[in-house]
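Look through the sequence and the 3D structure, then work through the questions in order.

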Amino acid sequence: MKEGFKTRLRSIIGGLKGKRLQEEEVKQSREEQFAPTKRYQVARGPLEEWGKQGYLICNSETIPLQPGFLVGRGMSCHLKLTDPGCSRVHASFSRAGEGWLLKDNSSRNGTFLNGQPIQSAVLKSGDRIQIGQTVLVYEER
C-alpha cells in the first residue's frame, strides 16, 4: 500500500512539474530576484515647458501646487483645512495648458473665485479662492 501511494504521488507530481529548468535559467532568475530596483524615467519634460509654477498663499504660508493637488478636510488631501464649511475633498488643481485649473469637487458649500461661485475655472495670478471661511490667494512665479 505504501509503495502504491508513492508511485501515485510521483505520477501526480511529475505531471505538475512541467519542463525542468536548465542551470543557467536558475542562476539568471536568482540574479533578477536580488537585482536593485530599476530607476524610472520621467515621462514629461522640465517644468519650464509647463509654464510658471503656481502657489497658494494661506496665512502667510506659501504652498506649491502640483498636478492632482487636493484641498479639503480629508486625510487624502494635500492641503488639509479644519474649516467646518469645507468638504472632505472640496476642490482640486490640475494643469491647463500653461496655467492651473481649479475644480470644485461637488462640494456642499461650493468654491468661490473672486467672490463668484464656480464649478471650474482657469486661475490667474492674484485670484482669491474661498473654501468655506478660508481664503487662499493664487500666485504664479
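The questions below move from the whole chain to its sheets and then to its core.

Q: How many helices and strands does the protein have?
A: This is a predicted model. From the N terminus on, the elements run α-α-β-β-β-β-β-β-β-β-β-β-β. The secondary structure therefore comes to 2 helices and 11 strands.

Q: What share of the residues in the protein is buried?
A: A residue counts as buried when its relative accessible area is under 20%. The protein has 141 residues, and the buried share of them is 29%.

Q: Which strands are the edge strands of the open sheet of 6 strands?
A: The order in this sheet is E2-E1-E11-E10-E7-E8, with antiparallel pairing. An edge strand pairs on one side only. The edge strands are E2 (61–64) and E8 (116–118).

Q: By how many degrees are neighbouring strands of this sheet turned against each other on average?
A: The sheet in question has the order E2-E1-E11-E10-E7-E8. With direction ignored, the average turn between its neighbouring strands is 35 degrees.

Q: Which residue in E8 does Thr 111 stand opposite?
A: Strand E7 covers residues 111–113 and pairs with E8 in the antiparallel sense over 3 bridges. Opposite Thr 111, in E8, stands Ile 118.

Q: Why is one side of E4 and of E9 left without a neighbour in the sheet?
A: These strands belong to an open sheet of 5 strands with mixed pairing, in the order E4-E3-E5-E6-E9. E4 (79–80) and E9 (120–122) stand at its edges, so one side of each is left without a neighbour, and each has a single partner strand.

Q: What is the bridge partner of Gly 72 in E4?
A: E3 and E4 run parallel and are joined by 2 bridges. In E4, the partner of Gly 72 is Lys 80.

Q: How many residues are in the largest nonpolar core?
A: In soluble globular proteins, nonpolar side chains tend to be buried together. Leu 56, Phe 69, Leu 79, Phe 93, Leu 123, Ile 129 and Ile 131 touch the most other members of the largest core. Strands that each supply at least two of its residues include E1 (54–58), E5 (91–96) and E11 (134–140). The number of residues in this core is 21.

Q: Which residues does Leu 123 touch, not counting residues up to four places away in sequence?
A: Leu 123 is among the core residues that touch the most other members. Touching here means heavy atoms within 4.5 Å. Outside the excluded places, Leu 123 touches Phe 93, Trp 100, Leu 102, Leu 113, Ile 129, Tyr 138 and Glu 140.

Methods. Residues numbered from 1 in each chain as written. Predicted model: local features only at pLDDT ≥ 70, side-chain atom pairs only at ≥ 80, totals over all residues. Heavy atoms only, no water. Helix = DSSP H or I, 4+ residues; strand = E, 2+ residues; numbered from the N terminus. Buried < 20%, exposed > 50% of the residue type's maximum accessible area, 1.4 Å probe, protein only. Pairing = 2+ DSSP bridges. Axes fitted to C-alpha atoms, helices over the stretch in contact; angles between N-to-C directions. Core = buried A, V, L, I, M, F, W, Y, C linked by side-chain atoms within 4.5 Å.
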